[in-house]
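Reader: I'd like a close look at one part, please: any enclosed space, and then the parts of the fold you would go on to from there. Keep it chatty, but spell out your cut-offs.

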Amino acid sequence: MSTAYLFDVDGTLTPSRQGMNSEFRIWFCKFMSENHVYLVTGSDYAKTVEQMGRTITENVKAVYNCSGNDVWVNGKNVYTSDWRLPKLAEYFLNSCLYESKFDLRTGRHIEERPGTVNFSIVGRNANKEQRAKYVEYDAVENERNTIASAFNTMFGADITATAGGETGLDIYPVGKDKAQVLKDFDHYDNVVFFGDRCDEHGNDHTLARAVSALSEGKNSLANGQGKFYNVDNWQDTWKILKNISQHIEI
């Protein structure tokens, strides 16, 4: 039985929307050379390369971008979903943008990606300080979860919205979330997943739940085993990996 290590990127391997720590990058490359490593992120491939570097993105087993709706292997695209956000859902998101009491707008509020959409009140053009202001606001107002709940009430039969990263919502067809990547694994694989949003409102939740179900015999990979770590940041991930590496002789 081989072990597959799956990692979210933002908040798990890097600070949100930022590059990987240089010391952690060197250590992670060694870990990656000795283990089966996969990236599973809501971001697109260009952003993942920017954050992680080509040495990592082109040498992991696969990069599952856009929650698994855009897949890259050895730097080459092997699958891309052609799903697009329906106009009614787009109108709903624009209404939420108009009604939000957070008064800072930076642009790129609805960003279409392969098979998914990222929605952000503050906007994808926000700098670090502007993002921090929204994080502080959302911690009090719980705006993202409120919008996601309303969105799912209206469109939940076909489309799902979940909180992703620090400021956005990831939106995709039902069943096309991060958990879909498990279809690519062998029936006897041991799957270990690291994510920072494994809570019920986060975009890592479905994959964490599916991985956990492996060991409970509730998943189609019934002979496999699974474990997930809901980390606080990349430092937490590194600490856990160092402990794991003591047992696998990296």
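**The cavity and beyond**

Author: The structure holds one cavity of 30 Å³ or more. This is a predicted model, so local features need pLDDT of at least 70 and side-chain atom pairs count only at pLDDT 80 or more, while totals for chains, interfaces and linings use all residues. Residues are numbered from 1 along each chain as its sequence is written, and side-chain values use heavy atoms, with hydrogens and water left out.

Here's what I mean by a cavity: on a 1 Å grid over the protein atoms alone, a set of points where a 1.4 Å probe fits but cannot get out. A pocket is an open set with protein on both sides within 12 Å along at least five of seven lines, and lining residues have an atom within 4 Å of a point. Grid points are joined across faces, edges and corners, and a volume is the space filled by probe spheres set on the points.

The largest cavity takes up about 160 Å³. It is lined by 21 residues, and D10, S43, G164, G165 and D170 are the closest to its centre. Sort that lining by class and you get no nonpolar residues, 10 polar and 11 charged. (Ala, Val, Leu, Ile, Met, Phe, Trp, Tyr, Cys and Pro count as nonpolar, Asp, Glu, Lys and Arg as charged, and the others, Gly among them, as polar.)

Now for the open space. The largest pocket has a volume of about 280 Å³. Of its 17 lining residues, V135, G165, E166, D196 and R197 are the closest to its centre. So G165 is on both short lists, for the cavity and for the pocket. This pocket's lining is mixed, with five nonpolar, five polar and seven charged residues. Helix α5 (residues 128-141) gives the largest share, three residues. Helices (H or I, at least four residues) and strands (E, at least two) are DSSP runs, numbered from the N terminus.

R197 is worth following out of the pocket. Its side chain meets that of D199 in a salt bridge, 2.8 Å from N to O. For a salt bridge, I require a side-chain nitrogen of Lys or Arg within 4 Å of a carboxyl oxygen of Asp or Glu. R197 counts as buried because its relative accessibility is 13%, whereas D199, at 29%, is partly exposed. (Buried is under 20% relative accessible area, exposed over 50%, partly exposed in between, with a 1.4 Å probe and protein chains only.)

The whole structure has 12 salt bridges. D8, K178 and D204 are linked in a network of them. E111 pairs with R108, the closest N and O atoms being 2.0 Å apart, and also with R113 at 2.8 Å. E111 is buried at 13% and R113 is buried at 8%, but R108, at 41%, is partly exposed.

On to the greasy parts. A nonpolar core here is a set of buried Ala, Val, Leu, Ile, Met, Phe, Trp, Tyr and Cys residues joined through side-chain atoms within 4.5 Å. The largest one has 28 residues, and F7, F24, F28, L39, F194 and L241 have the most contacts inside it. At least two residues each come from β1, α1 (22-34), β2, α2 (45-52), β10 and α8 (234-248). Apart from this core lies another, of 24 residues, V117, I121, F155 and A161 among them.

Zoom in on F28: leaving aside neighbours within four places in sequence, F28 is in contact (heavy atoms within 4.5 Å) with F7, L13, M20, V37, I56 and L241. M32, in helix α1, is buried at 9%. With the same sequence neighbours left out, M32 touches V37, T55, I56, N59 and V60.

Helix α7 (residues 205-214) is mostly covered, with seven of its 10 residues buried. Those are T206, L207, A208, A210, V211, A213 and L214, and they pack against β1 (3-7), β2 (36-40), β10 (190-195) and β11 (225-230).

One backbone detail to finish. S67, in the loop between β3 (62-65) and β4 (70-73), has a positive phi near 60° although not a glycine, and S67 is buried at 1%.
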